[in-house]
Amino acid sequence: VSFLIPECGILPEVLKSTIADVGEYYLVRNLSIHELVSHEFIDAFVKKGSCYALTYNTKIDQDNTAALLPNGKLILSVDKDTYEELGLQGRPSQYSGKKVMRYIITIDLTDSGFHPDSKKHNRVLWALKEKKPLEFDFLLAWYNTGAEGSTLKSYFSKNQIRALKPKITFSTLRDLQCPVLQSNELQGKPEESCSTEELFEWLGAVLNQVSLDNKSSSFLSTYCCPQPSTIVEKAFLCTITGFIIPEKIIQLLEQLCCYFGDPKLASWLTLTVHGFADSPVSWRESEHGFHKGGENLYNFVIFRNLDYWLQMAVGTNDDCPP
């Protein structure tokens, strides 16, 4: 997650505390996936909040991968051999080509028919525990609204589990050349404002610290800021890296909107969120592939009047966002 505030004054304390409280997450080593379909886990976490899990250091185009979504669906993306050994119902990956080499299995942990001792539950548990045990390192996070009970750390205490904090970096950009934007002009106007596409390209350059000087001596980039533009004396850039859940992003977005409540210089700001390149899903439950890159991201451009632009980008092997 990255946000950029041009013409930034002093950050409000509530925004600082929101940044500091984006929430810890957990890395669990060698977790057998059948533990995620046990009814103890489902009752303690899936049914009492939003639970997120994603296999760690797995490649979506090479390895078996898995993700647990907050709606209670467990998504497995597995190779052909694993799929045949598991014997669970699934569908061919839409990025397999003519010869199907990858399959997607969806298990709804909140299905009314997936209760203890049901044939469906026993079949899934047997397949994942006895027939073809699958073990991964997982990133885990859980969001609940005051529900009491077990915590992820205590529940997986028998496993090798470690709490992690997102990495937060702050930068102050001096004399930054910024495009001029008008919230009601998506296509931009010659000599008046820049388009959404020009802003998106410029923002990518800024977030990657690409020079905007367009010097002929540069071997890396001849990119320059789109026109019309203005020089901003000071801009604030914050980047948060980690397993960040949507509930925390919403809190951050709300506080960024409140930034315009006080008289400040900024006329707009941006919030960019990148998904994991090797996640088996991207938007909702849409299958995610890699091809030459696993890009999937969205970007909010929020204006002082609280108009906003929402930009979404995906790689080649991905469905268009909803």
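The following paragraphs go through this predicted model, from the whole chain to its sheet, its enclosed strand, its charged pairs and a surface patch.

The protein chain holds seven helices and 14 strands. Its C-alpha trace spans about 65 × 50 × 35 Å along the principal axes. Of the 322 residues in the chain, 48% are buried. The accessible surface comes to about 16700 Å², and 50% of that surface belongs to carbon and sulfur atoms. Contacts often link parts of the chain that are separated in sequence: among contacts between residues at least 6 apart, 71% join residues at least 24 apart.

One element to start from is an open sheet of six strands. Its order is 10-11-1-12-13-14, and the pairing is antiparallel. Strand 10 (167–179) and strand 14 stand at the edges; each has a single partner strand, so one side of each is left without a neighbour in the sheet. On average, neighbouring strands of this sheet are turned by 15° against each other, direction ignored.

Within the sheet, strand 1 (residues 2–5) is joined to strand 12 (residues 268–274) by three bridges, and the two run antiparallel. A residue pair to look for here is Phe-3 with its bridge partner Leu-271 in strand 12.

Two helices can be placed against these strands. Helix 7 (residues 246–258) packs on the sheet and touches strand 1, strand 11, strand 12 and strand 13. The direction of helix 7 makes about 170° with that of strand 12. Helix 6 (residues 196–207) lies across strand 1, strand 10, strand 11 (229–241), strand 12, strand 13 (296–303) and strand 14. Helix 6 runs at about 130° to strand 10.

Strand 2 (residues 25–32) is a separate place to look. Six of its eight residues are buried, so strand 2 is largely enclosed by the rest of the structure. Strand 2 pairs with strand 9 (residues 160–164) in the antiparallel sense over five bridges. Tyr-26 has Ala-163 as its bridge partner in strand 9. Strand 2 is also joined by five bridges to strand 8 (residues 135–143), again running antiparallel. In that pairing, Val-28 stands opposite Phe-138 of strand 8.

The next topic is charge. Side chains of opposite charge can pair when their charged atoms come close. With a limit of 4 Å between a side-chain nitrogen of Lys or Arg and a carboxyl oxygen of Asp or Glu, the count comes to eleven salt bridges. Three of them are described here, beginning with one that involves helix 7.

Lys-248 and Asp-21 meet through their side chains in a salt bridge, at 3.8 Å from N to O. This pair links distant parts of the chain, with Lys-248 in helix 7 and Asp-21 in the loop between helix 1 (13–20) and strand 2, 227 residues apart. Lys-248 has a relative accessible area of 15% and therefore counts as buried, since the limit for that class is under 20%. Asp-21, at 44%, is partly exposed.

Glu-84 and Lys-80 form another salt bridge, with 2.9 Å from N to O. Both sit in helix 3 (residues 80–86); because they are four residues apart there, they are separated by about one helical turn. Glu-84 is partly exposed at 48% relative accessible area, and Lys-80 is partly exposed at 29%.

In a further salt bridge, the side chains of Asp-43 and Lys-47 meet at 3.6 Å, N to O. Asp-43 is partly exposed, with a relative accessible area of 38%. Lys-47 has a relative accessible area of 52%, so Lys-47 is exposed.

The last stop is on the surface. Tyr-308, Leu-310 and Met-312 make a nonpolar surface patch of about 300 Å². Tyr-308 lies in strand 14 (residues 308–314), one of the two strands at the edges of the six-stranded sheet. With 52% relative accessibility, Tyr-308 counts as exposed, because the class begins over 50%. The patch can thus be found by following the sheet order to strand 14 and locating Tyr-308 there.

Technical notes: Residues numbered from 1 in each chain as written. Predicted model: local features only at pLDDT ≥ 70, side-chain atom pairs only at ≥ 80, totals over all residues. Heavy atoms only, no water. Patch = residues over 30% accessible without salt bridge, like charges linked within 9 Å, V, L, I, M, F, W, Y side chains within 5 Å. Areas by Shrake-Rupley, 256 points an atom, 1.4 Å probe, with all protein chains shown as cover. Buried < 20%, exposed > 50% of the residue type's maximum accessible area, 1.4 Å probe, protein only. Pairing = 2+ DSSP bridges. Axes fitted to C-alpha atoms, helices over the stretch in contact; angles between N-to-C directions. Contact = heavy atoms within 4.5 Å.
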